[in-house]
Amino acid sequence: MSDPRNSTDGGMTCLKDVKSSIWAAILSEVQSRGNTKLPTTKSVLVLGENESGKTTLIAKLQGVEDPKKGSGLEYAYIDVRDEYRDDNTRLRVWVLDGDPEHSHLLEFALNEETFPDTMIMFSVSMTSPWAMLDQLQNWATILQDHIDKLNLSADFIQERKQSVLKRWQEYIEPGDELEASSPMRHSTRTLEDDLLDEELPLGEGTLTRNLGLDMVVVVTKTDYMGTLEKDMDYRDEHFDFIQQWIRRFCLQYGAALFYTSVKEDKNCDLLYKYLVHRIYHLPFRTPALVVEKDAVLIPSGWDNMKKISILYENMQSMKPDDYYTDVISRPQTRKPITRETEIHAEDEQQFLIKQQQLLQQGGTPSAPLGMTRQESPMRTPTSSKTSDRRTSATPGSQGSPKKMDGAKVGAAAGGEGVLANFFNSLLHKKTGSPSPGKVQGMDKAAVRSDAAAELDRLTRNKKPPSPTGSPDSSANSSLEQPPSSTDC
């Protein structure tokens, strides 16, 4: 009888078994890898006021140097890579405009389908610390109103709230983890699970406004703290007062807190790692950071009112429960930030109209818009005032003021008055504008003959004063009586 182990059929059967086991192992490995692949449906919704640094912060997380700001509801994505599993995916990012009128666009980013896969990020800026708390509360209210409009069942909301509560209570400080093979880890985990099933009471002010969404509050532009200290006399107690109020807000919603500065690259990389940790469950080894006032990092689940109360020790001129805006008030006079301003040239006609109004307010005669240099009312009255002044000061003048016309104003005042009258008549004739008296039809010959006749009259009038009367009386009589025929 032959040995069956030496038969050909037995060898073929063993070979087939080995091959099938190899393929089974390969298929099992592929299946396990497929189950651990990073999901592609996760997203982050960023809410905050305009100029709060939302777009710049997301661009920093993307690795983009020159961010482009849009309007309404912006869409972007962040590349996420899992080095351990050698896998990568894209994290979707929605950035809502800071105008609350655009809140109706939330339905495209947060709806019944995307609700379980969405994380909320609130953004406030340290450049306006007096408005941060109001902004956080305002955007939380807008978010709550939007959730109330969604067609979500009460059971689903309760399930989501329970998930947020569980993750809050499961937080373990990095470095306190036990090895997976440690028996203490198994006993501790079993005890924790039993306690979670009993729904332990939370600390004071914790998750009082649980919306069923994972949240993080980001305070941007913390490099501006130096400017607040220098220009507005902010002290450490002011920053502690701000921090304790924001941490109270985070406790209510179960949110994490990050102080960031894109300019100085503070906590930006840690924020990215924390986001992928909360969304994709990748490891995050950084503990809470509360020492540096401009680089605070508080993970969700770490904080409580007892830890917040440590900040109270530094508050001397204020109380922790003081109303926020009573302590951190909007400045009345704020030093302007040096920026390049665009200068707009004023319209020429508008400028001239303003100058004309200023001249009119100063008592100058009004002039029509577009008047030429020769027609300016600032030129003509000068000679008239001079001639009037010289007429009253000349004791020997014989002409009556009532008989003077526009062409001979100031002629009786002497040689200078004649010259003033001469040039005045030339100005009126050059511009072509109408003038009173005989100036309108006067030509050069008439002006010259008029000047010659006036000089001749002045020569004949130079007589010695009368011995019987004073110069004043003769001057007064000459002004009161018309000239005799012999004078002419």
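Colleague: What makes α12 look like a regular helix, going by its reach from first C-alpha to last?

Modeller: Bear in mind that this is a predicted model. Helix α12 covers residues 348-361, 14 residues in all, and spans 20 Å from its first C-alpha to its last. At 1.5 Å a residue you'd expect 20 Å, so the reach is close to the expected one.

Colleague: And what caps the N-terminal end of α12?

Modeller: That's Asp-347. One of its side-chain oxygens sits 3.2 Å from the backbone nitrogen of Gln-349. The cut-off for a polar contact is 3.5 Å, so this pair is within it.

Colleague: Why are α2 and α9 called roughly perpendicular?

Modeller: Helix α2 (residues 54-62) packs against helix α9 (residues 268-280) at about 75°, with the axes 10 Å apart. Roughly perpendicular means 65 to 115 degrees, and therefore the label fits α2 and α9.

Colleague: Which residues make that contact?

Modeller: From α2 you have Leu-57, Lys-60 and Leu-61, and from α9 Cys-268, Leu-271, Tyr-272 and Leu-275. By class, the contact of α2 with α9 has six nonpolar residues, one charged and no polar ones.

Colleague: On to the sheet. What is the strand order, and which strands are at the edges?

Modeller: The order is β2-β3-β1-β4-β5-β6-β7, seven strands in an open sheet with mixed pairing. β2 (73-82) and β7 (297-298) are the edge strands, since each pairs on one side only.

Colleague: How do you know that β1 and β4 count as paired?

Modeller: Pairing takes at least two bridges. Strand β1 (residues 43-48) and strand β4 (residues 118-125) are joined by six, so they qualify, and they run parallel. Val-44, for one, has Met-119 in β4 as its bridge partner.

Colleague: Which helices pack on this sheet?

Modeller: Among them is α2, touching β1, β2, β3 (87-96), β4 and β5 (214-220), with its direction at about 25° to that of β2. Under 35 degrees counts as roughly parallel, so α2 and β2 get that label. Helix α8 (residues 236-253) packs on the sheet too, touching β4, β5, β6 (256-259) and β7, and its direction makes about 145° with that of β6.

Colleague: What makes β2 and β3 a hairpin, and in which sense do they pair?

Modeller: They pair in the antiparallel sense over ten bridges, with Leu-96 in β3 as the bridge partner of Leu-73. Four residues lie between the two strands of the hairpin, and Asp-86 in the turn has a positive phi of about 55°.

Note on methods:
Residues numbered from 1 in each chain as written. Predicted model: local features only at pLDDT ≥ 70, side-chain atom pairs only at ≥ 80, totals over all residues. Heavy atoms only, no water. Polar contact = N/O pair within 3.5 Å; in protein donor to acceptor, adjacent residues only side chain to side chain. Axes fitted to C-alpha atoms, helices over the stretch in contact; angles between N-to-C directions. Parallel < 35°, antiparallel > 145°, perpendicular 65-115°, else oblique. Contact = heavy atoms within 4.5 Å. Nonpolar A, V, L, I, M, F, W, Y, C, P; charged D, E, K, R; others polar.
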